[in-house]
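Student: I have a model open on my screen and would like to learn how to read it. Could you walk me through it?

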Amino acid sequence: MKFFLDTADIGEIETGLEWGMVDGVTTNPSLIAKQGKPYLPTVREIAELVPGPVSGEVLATDLEGMLEQGRRLAGLADNVVVKVPLGPPGLTAVRRLAAEGIRCNVTLCFSPSQALLAGKAGAAYISPFVGRLDDIAQDGMDLIRQVIAIYSHYDFGTEVLVASARHPVHVVLSAEMGADVITLPFKTLSQLYRHPLTDIGLNQFLSDWETTGRSFDDE
Ligand code: G3P
């Protein structure tokens, strides 16, 4: 399963790349707004830093606007994937942009029927939002299970990108279900490394060795 970072924070992306765990990045207007920087230059800066796919979202809500902004986003760098919201204009834009060789990530997916439409439209990625479904007392991971089952019958070429992931259980379940990609806040990526028994075990190993009074280099 590929790990994308769900952030527009350059420091977080640099750290994730250094750890060797970041296969790509997803952004959205809220994440870029948090950085207090201009929109397109921020997507370009991230795309130049990251070797893998970087999703940048259109801000337009009408078809012509989405096409125009989608082409400009895709023109920033070869690895930019155009993020388009679900709905008739969004999925029409996906079909038209795909015909031009532009890869799209369909965002704000909350139902299996929406995912089916995105596959038929030729999306490169579908982004079902698991955390926001959990927020309204529906199990977001049920949606991932359904989308994977539906896509397994057809040949859409659309990757299932688990979005709005909030904690390590989302990551483990996504991997068990065989999701193609999960996009993670930096905090969740960091949490994946942690286990109290790792810390306790390491302290024990080091303190046991310290009692010998010897060093690593002693012959
Ligand atoms: O980028 C889309 C998605 O991952 C947003 O997550 O936590 O704002 O629901 P969240």
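**Reading the ligand site**

Tutor: Happily! Keep in mind that this is a predicted model. Let's start at the ligand: one of its oxygen atoms has a polar side-chain atom of Asp 6 at 2.5 Å.

Student: Which other side chains have an N or O atom close to a ligand oxygen, and at what distance?

Tutor: A polar contact is a pair of N or O atoms within 3.5 Å. In this model, Ser 164 places a side-chain N or O atom 2.7 Å from a ligand oxygen, and for Arg 166 the distance is 2.9 Å. As for cover, the ligand alone would expose 310 Å², and the protein buries 83% of that.

Student: Which residues are around the ligand?

Tutor: A residue counts if one of its heavy atoms lies within 4 Å. Here they are Asp 6, Asn 28, Lys 83, Phe 129, Arg 132, Ala 163, Ser 164 and Arg 166. Sorted by class, this shell has four charged, two polar and two nonpolar residues.

Student: What kind of space does the ligand take?

Tutor: The ligand takes up the largest pocket.

Student: Now for a residue in a helix. Is Thr 15 buried, partly exposed or exposed?

Tutor: Buried means under 20% relative accessible area and exposed means over 50%, with partly exposed in between. Thr 15, which belongs to helix α1 (residues 10–19), counts as partly exposed because its relative accessibility is 28%.

Student: How far apart are Thr 15 and Phe 186 in sequence and in space?

Tutor: Compare both values: they are separated by 171 residues in sequence, while their C-alpha atoms are 9.1 Å apart in space.

Conventions. Residues are numbered from 1 along each chain as its sequence is written. This is a predicted model: local features need pLDDT of at least 70, side-chain atom pairs count only at pLDDT 80 or more; totals for chains, interfaces and linings use all residues. Side-chain values use heavy atoms; hydrogens and water are left out. A polar contact is a pair of N or O atoms within 3.5 Å; within protein, one must be able to donate a hydrogen and the other to accept it, and residues adjacent in sequence count only if both atoms are side-chain atoms. Accessible areas come from the Shrake-Rupley method with a 1.4 Å probe; for residues, only the protein chains shown count as cover. On a 1 Å grid over the protein atoms alone, a cavity is a set of points where a 1.4 Å probe fits but cannot get out, and a pocket is an open set with protein on both sides within 12 Å along at least five of seven lines; lining residues have an atom within 4 Å of a point. A molecule sits in a cavity or pocket if more than half of its atoms lie within 2 Å of its grid points. Ala, Val, Leu, Ile, Met, Phe, Trp, Tyr, Cys and Pro count as nonpolar, Asp, Glu, Lys and Arg as charged, and the others, Gly among them, as polar. Helices (H or I, at least four residues) and strands (E, at least two) are DSSP runs, numbered from the N terminus. Buried means under 20% relative accessible area, exposed over 50%, partly exposed in between (1.4 Å probe, protein chains only).
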